[in-house]
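Could you walk me through this structure, stop by stop? I have it open in a viewer and would like to know what to select next and what I will find there.

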Amino acid sequence: MSLFELRNVSYRYPGAGQSALEGITLDVEAGSVFAMLGPNGSGKSTLLRVLLGELETSDGSVTFSGRPSDSWGRREIAMEVAFVPQAEPMAFPMNVRSLVEMGRYPHIGVLGRMGPEDRAAVDGAMERAGIMDLGGRSIRNLSGGERQRVRIARALAQEPKILVLDEPTAALDLHFEMETFELMRELTEEHSFTVVVATHNLNLAARYASRLLLLSKGHIEALGSPDDVITADTIGRVYRWPVLVTAPEGLGPGAGAPQVVPLSHDGSTSSG
Amino acid sequence: MTRHAVLLVGLVAAFAVSLVVGLAVGAVGIPIGEVLEALTGSGDPRTRTIVVGLRLPRVLLAAEVGAGLAISGAVFQALLRNPLAEPYVLGVSSGAAVGAVTAIVFGMTTTSMLALPIAAFSGAVVAITLVLGMAAAAGRGLDTHVLLLAGVVIGAFFNAIILLLVNFADLETFRAAMLWIMGSFSGATSESVTTVAVWVLPALLALTLLARPLNLMSVGEQSAFHLGVDVGKLKLMLYVGTSLVVGVCVAGSGAIGFVGLVVPHALRLVGGSDHRWLLPACALTGGAFLVLADTIARTVVAPAELPVGVVTALAGVPVFLWLLIRYQEGT
């Protein structure tokens, strides 16, 4: 079943000369990792914001679970879909557990009280994101990777069916990056989540996602399985850099998935 | 009992003590026992006149305005994710003062009881719209420095307008207008206490009830939106609520600065940033702070009197500078 259905969607920022998105038609199926790829400025973040109802389309339609996305109430949709932003302003000190508890807002509302099931959901989310021991710490004293896990825990505390992440590993080292992608796999395979992720990491996207979308200048350049999308020709053209695509074995999850190796500018693998 | 509940009980006690101090201390010192007697309607009639007739309206007005300005400061800081935001610094208080002075100079206050609060509220709305508009026009959204600069410029502009307006007024109005710019409780009457209470207390209750979504706003509008907050509606309610509170407070006592800066920050250091505790704590502490500041203002150079805004600025400016430096360092 399609969770999100976009039909011929265009979006133009107010006052902008040209559209940030043009003629986007796609379906996001339930129960898989769906990755959005594309160079800087290709429209990934805009597409996420349109998908999530944050921006109203200039043209075309977006439906979620068969209903127009603008017909969903804010709290109603927040119980289904959770979003993990790249970064957040932290103007005031706040402890980790209070931040994760914010994920219960769709369930308890403006005046409700945290009940036992809310506390259990917060505990479960913190455990799954691996931050049980950080609960009393101030968010300001955490590393970038730890903060990202706190935001993931808060999203999981919403108990959504769909998790949407905007470049979740942009500022993370290899360890946190792998942990984040492993968590996405675990959520889809073991807890029947749907994950939508915008990322610059073509190789991890090819290994962990079942479907990829490659955007270029607001248009869909390619859409399909990793083998369909990650080809030397397509990637080379969209990113304007020569690449080699290989399919190494023995990678664990996503074994045999196409992997991109950038070449030097003249097309060779070695710089020396 | 949770830590926040213990702190709030302590703040209620501190608030009560500040009220008694405000009633006891003045040109004539009155022992606490006699203050309490006067409040219950017994004791010496002359003391009763001083305590109930003269000092009580002033102390109650200071408490209401302090509560209103401190909560408004905390709400602006969360809304703008800017620790330096505050009604006075943002120019909102000056906008409200222009509204109030306009109503007085053009004689509107004699025709309707509602004219003064409505004019001050309108001034506050105009000021906040101009400040946010200027920051947006600079293309920097909620950038701290642009907002502060816009606030300072708008504040200076509105103060100039006040001086321009009072040029057309008689000497008595001129003196009153100077008090609008610096703030004073010398004009407190039981009517002004009632007017402020009728508008400000329900607005403060409404703002306090929005503490949880305000917590979400303090980590960013995008995050609040995806956590289920109707951001547009919430922002409208918060801006209207704070403009109303600031407008009516300024209509009651003039533009008193820095209460909304000093009080929320002191409380965050003690009990953290959760608005479910911070907003009620601001009401109690802001009230106590202004009652004590006004007590200092009317006793320190007795028999003359300082505008209370001078006292709050002397306390507030060092805090503002400390925060500015700390914020620059990115801590």
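Start with helices H12 and H13 of chain B, whose crossing is right-handed. Bear in mind as you look that this is a predicted model. To bring up the pair, select residues 259-271 for H12(B) and residues 275-299 for H13(B). Their axes lie 9 Å apart, and the packing angle is about 125°. The two helices are therefore oblique to each other.

Now show the side chains where these helices meet. On H12(B), pick B:Val259, B:Val263, B:Pro264, B:Leu267, B:Arg268 and B:Gly271. Facing them on H13(B) are B:Trp277, B:Leu278, B:Ala281, B:Cys282, B:Thr285, B:Gly286, B:Phe289 and B:Leu290. Colour this contact by residue character and you should find 10 nonpolar, 3 polar and 1 charged.

Next, zoom out to the domains of chain B. Give one colour to domain 1, residues 1-50, and another to domain 2, residues 62-328. Taken over C-alpha atoms, the centres of these two domains of chain B are separated by 26 Å. Where they touch, domain 1 of chain B contributes 14 residues and domain 2 of chain B contributes 19. What is the character of the domain 1 side of this contact in chain B? It divides into 10 nonpolar residues, 4 polar and no charged.

Then bring chain A into view and look at where it meets chain B. This contact involves 21 residues of chain A and 24 of chain B. To find your way on the chain B side, select helix H9 (211-217) and helix H10 (221-226), the elements that give two or more residues to it. Coloured by character, the chain B side that touches chain A shows 9 nonpolar, 10 polar and 5 charged residues.

For the last stop, stay with chain A and switch to a cartoon view. Here 4 strands make an open sheet, in the order S2-S1-S4-S5, with antiparallel pairing. Which strands stand at the edges? They are S2 (21-29) and S5 (67-68) of chain A; each has a single partner strand, so one side of each is left without a neighbour in the sheet. As a general reminder, strands of a sheet pair through backbone hydrogen bonds.

To finish, follow S5(A) to its partner. Select S4(A), residues 59-64, which runs antiparallel to S5(A) and is joined to it by 2 bridges. Within this pairing, click on A:Thr63 and you will find A:Pro68 of S5(A) standing opposite.

Notes: Residues numbered from 1 in each chain as written. Chains lettered and ligands numbered in written order. Predicted model: local features only at pLDDT ≥ 70, side-chain atom pairs only at ≥ 80, totals over all residues. Axes fitted to C-alpha atoms, helices over the stretch in contact; angles between N-to-C directions. Parallel < 35°, antiparallel > 145°, perpendicular 65-115°, else oblique. Left-handed = near helix turned anticlockwise from the far one by under 90°. Contact = placed C-beta atoms within 7 Å. Nonpolar A, V, L, I, M, F, W, Y, C, P; charged D, E, K, R; others polar. Domains from an automatic or database assignment. Pairing = 2+ DSSP bridges.
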